[in-house]
Amino acid sequence: MRAKAGAGWVRHATAWVSADTDPAPPALSEVDATIEGPEFRGLHSVRIADGRVSASVSPAPPGYVLHPVLADNCLRALAAVLPGDAAEARLPAGFGRVRLLGDPRRGIRCEAARTGGVVQLLDADGAVVADFGDVRFEALTGVPLAARAFGTSWPEVPLPPGPPGEPGSWLLLTDEHPVALGRAVALALALAEAGDEALSLPQDDLDELPGLLADRPVRGVVFLTGAPHAYHDPEDARDLLRAVLSVVARLGDGVRLHLVAQSGGEPGLAFVRGLVRVLAFDRPGLRASLVDFDARSDVDVLARELRADAPDDEVRWRRGVRYAARLARVPLVDGVATGPGAYVVTGGFGALGLATARWLAEHGATRIVLCGRRGGDVRLSGVDVVVVAGDIAEAGVADRLVAAATADGLPLRGIVHAAAAGDDVEATWRPKVLGARRLHEATADSPPDWWLTYASAAALFGSPGRTAVATADAWLEAFARWRRSRGLPATTVHWGAWTADPVLDSMPVAEGLDALPAVLASDLPSVGIARLDVGRAAGLLPRRPFFSALQADVQPSPAGGTPHERLAVLFAGLLGCPPGAVAPDVPLVELGLDSLTATRARAAVEREFGVALPVPLLLRGADLDDLAEYVTSPAEPVRAAPRVLREGEGTPVLLFPSAGHVALVEHLTVPCYGFEPLGPERCVELLRTVQPTGPYRLGGGLLAFEVAVRLTALGERVDVVVLVDATPPATPMPPYPGRVVLFHAEDDAALGWAACCADLHVEVVPEDAEALARRLAAELAGHPSPGATPVSTLEEP
């Protein structure tokens, strides 16, 4: 398998295909003893006996003869009968042969045997349609708990001494809550006394924001929120988040955004902390900051904080004393597993919810009540498993959970709130935030011994593109503190990455759950459990004081050496090889660089050289010579500005990439812009220079779809995405909720898109190019074609 790299080609994998004259092997016999567990995602009715496994498999996703997900599910079954600790996570590392003896898409059951590392995929008639032999696994080594527990500390950090800089202008924004408006007036007066000028802009005039900032540079943009109690209702907090995101979407880099809140112990404004941590990754040039002050710290303190322009991006003022947030390690005490009693697990049919249920069963639970929107059939040995199907955010569902748990007088010992769904703000906040409220109300008269809310490490460390999750999980953490202030148990666990992540190392589920006894015994309001190699991640994390306490223990990279030598050391660390193995003229993709490593490399190079390295440059086959020239060039890097393909009035049409749309543009009357094939994050940044906010209309291929997904996650409205013969995403993803129109020539492509689009419409590509251009233009101009076929009419061959 090769890919284009610069002027040549790079070999990524090699395989040998030969005629198979051996007869198909007989199918392995089935075994008994049904079990369940999180390691069997994609498998059903798993049975294990005498080193062999039988299991039903989920249908194969479309688009492949032997889909990688289907193959992985089959190999996962074999891992369950390998020798060693049952809690030890294993990953497939290689195999001796793969034979296709039929159509794997018809496979419904897999059989595996430890002896010989054999895995078979069988169809409904019991015939072997795929056969794996000599499958080899590698175990993931564990990390001590002391190295995996993280939290936020608040050391006292006074404002730095020195003059606050020259007088300048400030732009003050609010969500127009009366308290926020009054605070903005007071702040304007305080800034005026210091010689500064304060401007304001109503929410209804936000479209004028980019032009105002272009005409009149300001020292900073300040968004002031209202009284804490105004956001007690999660819907009001979510509306405020949307207001802030609309401002972020209109701001370019080079202006600092200060978010000002008076939290007062209420959870409603806590989401701002999660937003700031994500923006540190997504918009580092914005330098988004949070200033949280109490009622005893007046606006003069706020004016001093703003004018000082200190590097801290999360600040608290309490009784006139300034504190700043720092990521820190959290000591945990030894604990014992939980015991008999009833437990409630929301999100109970997700991978983590099922894993937790199994953990509870193994540690003495009497009854486990699982809640999920669709329900399911789960059996755990020796435990009374009760299934309550429903949406935890709906009124009455939480009451049914508590009633089922405490039936027959059984005490309610614990709550695990693990519900989650979707990537956009609405779909994420509803189960997490509103669901937590429902559980709180349902247990008011019968509080459990302990209460855990499961959250993502995105709210603690930050993470690229995780705005919806990070803000909801920051709310959950504050809600846990709010409950504890009322004498109720609550702890939020910020789980690290279970799979590949730009910053954190992946962590086996079993390793994460092993920390629960210590988490419960330590009785903290929140704790992060994650694998973080501080030395490796030092160059990947944003350059912000929040990480300074951990980074202080990391030896800085030597300042000496040529750019080639420094880059060789940097990429050797990322690729796991000696610096001498990174030759200056060998494309880095040939040494194992992939998109995930390229994302990490971008942050590392920026930290080392102060230059933002384009990820596409790395993936197109750049070597050390290319990178050394790039980071030492005095010229400003090319910004790949959007091309104006057509001028006009109305909602613009945005095309990705810009080439190949001449005929289409001729049929448009609205403005049309074309974009170069950069990454989706960069494209989102660039498109906002021509259209700061939605609704958006996008066209092109896979990149157009990825941009739509990113915009939706940021809370923006996307009217339509029009695709022409586009290749569907290679990895499974939650269904994109917006309208997608696919002009396709192959049914396999349409079926592939159907797996990742909730509102997909398809049309066969017409032979007449002019007719295609007219139909594309109509869709993009907001005139849906009556001939578009709903995806529900498609059938897999």
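A disulfide is a pair of cysteine sulfur atoms within 2.5 Å. The exercises below concern a predicted model.

**Exercise 1. Cysteines**

Find how many disulfides the whole structure holds, and work out how Cys74 and Cys110 fit that count.

Solution.
- Step 1. The search of the whole structure returns zero disulfides.
- Step 2. For Cys74, the nearest cysteine sulfur is that of Cys110, 4.5 Å away. For Cys110, the nearest is in turn that of Cys74.
- Step 3. A disulfide needs the two sulfur atoms within 2.5 Å. Neither Cys74 nor Cys110 is in a disulfide.
- Step 4. Both side chains can also be placed by accessibility. Cys74 is buried, with a relative accessible area of 1%, and Cys110 is buried at 0%.

**Exercise 2. The chain as a whole**

Describe the secondary structure, burial and confidence of the chain.

Solution.
- Step 1. The chain has 24 helices and 35 strands.
- Step 2. It has 797 residues, of which 51% count as buried.
- Step 3. The exposed surface comes to about 34400 Å², and carbon and sulfur atoms supply 53% of that area.
- Step 4. Take the contacts between residues at least 6 apart in sequence: 67% of them join residues at least 24 apart.
- Step 5. The mean pLDDT is 81, and 81% of the residues reach 70 or more. Over residues 32-40 the pLDDT is below 50, and this stretch has 25 contacts beyond near neighbours in sequence. Residues 555-559 also stay under 50, with four contacts beyond four places in sequence.

**Exercise 3. Helix H4**

Check whether the length of helix H4 agrees with its number of residues, then describe its start and its cover.

Solution.
- Step 1. H4 covers residues 234-250, which is 17 residues.
- Step 2. The expected span is 1.5 Å times one less than the number of residues, so for H4 the expected value is 24 Å.
- Step 3. The end C-alpha atoms of H4 are 25 Å apart, which agrees with the expectation.
- Step 4. At the start of H4, a side-chain oxygen of Asp233 comes to within 2.9 Å of the backbone nitrogen of Glu235.
- Step 5. H4 is mostly covered, since 13 of its 17 residues are buried.

**Exercise 4. Three arginines in loops**

Decide whether Arg148, Arg287 and Arg319 are buried, partly exposed or exposed, and add what else is known of each.

Solution.
- Step 1. The cut-offs are under 20% relative accessible area for buried and over 50% for exposed, with partly exposed in between.
- Step 2. Arg148 has 5%, so Arg148 is buried. This residue is in the loop between strands E11 (136-139) and E12 (149-153). Its side chain reaches the backbone oxygen of Glu511 at 3.1 Å.
- Step 3. Arg287 has 38%, so Arg287 is partly exposed. The loop that holds Arg287 runs between helix H5 (271-282) and strand E17 (289-293). Its phi is near 50°, a positive value in a residue other than glycine.
- Step 4. Arg319 has 59%, so Arg319 is exposed. Strands E18 (314-318) and E19 (321-324) flank its loop. Although Arg319 is not a glycine, its phi is positive, about 55°.

**Exercise 5. A peptide bond**

State the form of the peptide bond from Gly694 to Pro695, and locate the proline.

Solution.
- Step 1. Omega is near 5° for this bond, and the bond is cis.
- Step 2. Pro695 is in the loop between helix H21 (680-687) and strand E31 (696-700).

Definitions and conventions. Residues are numbered from 1 along each chain as its sequence is written. This is a predicted model: local features need pLDDT of at least 70, side-chain atom pairs count only at pLDDT 80 or more; totals for chains, interfaces and linings use all residues. Side-chain values use heavy atoms; hydrogens and water are left out. Helices (H or I, at least four residues) and strands (E, at least two) are DSSP runs, numbered from the N terminus. Buried means under 20% relative accessible area, exposed over 50%, partly exposed in between (1.4 Å probe, protein chains only). Contact means heavy atoms within 4.5 Å. Accessible areas come from the Shrake-Rupley method with a 1.4 Å probe; for residues, only the protein chains shown count as cover. pLDDT is the predictor's confidence in each residue, from 0 to 100. A polar contact is a pair of N or O atoms within 3.5 Å; within protein, one must be able to donate a hydrogen and the other to accept it, and residues adjacent in sequence count only if both atoms are side-chain atoms.
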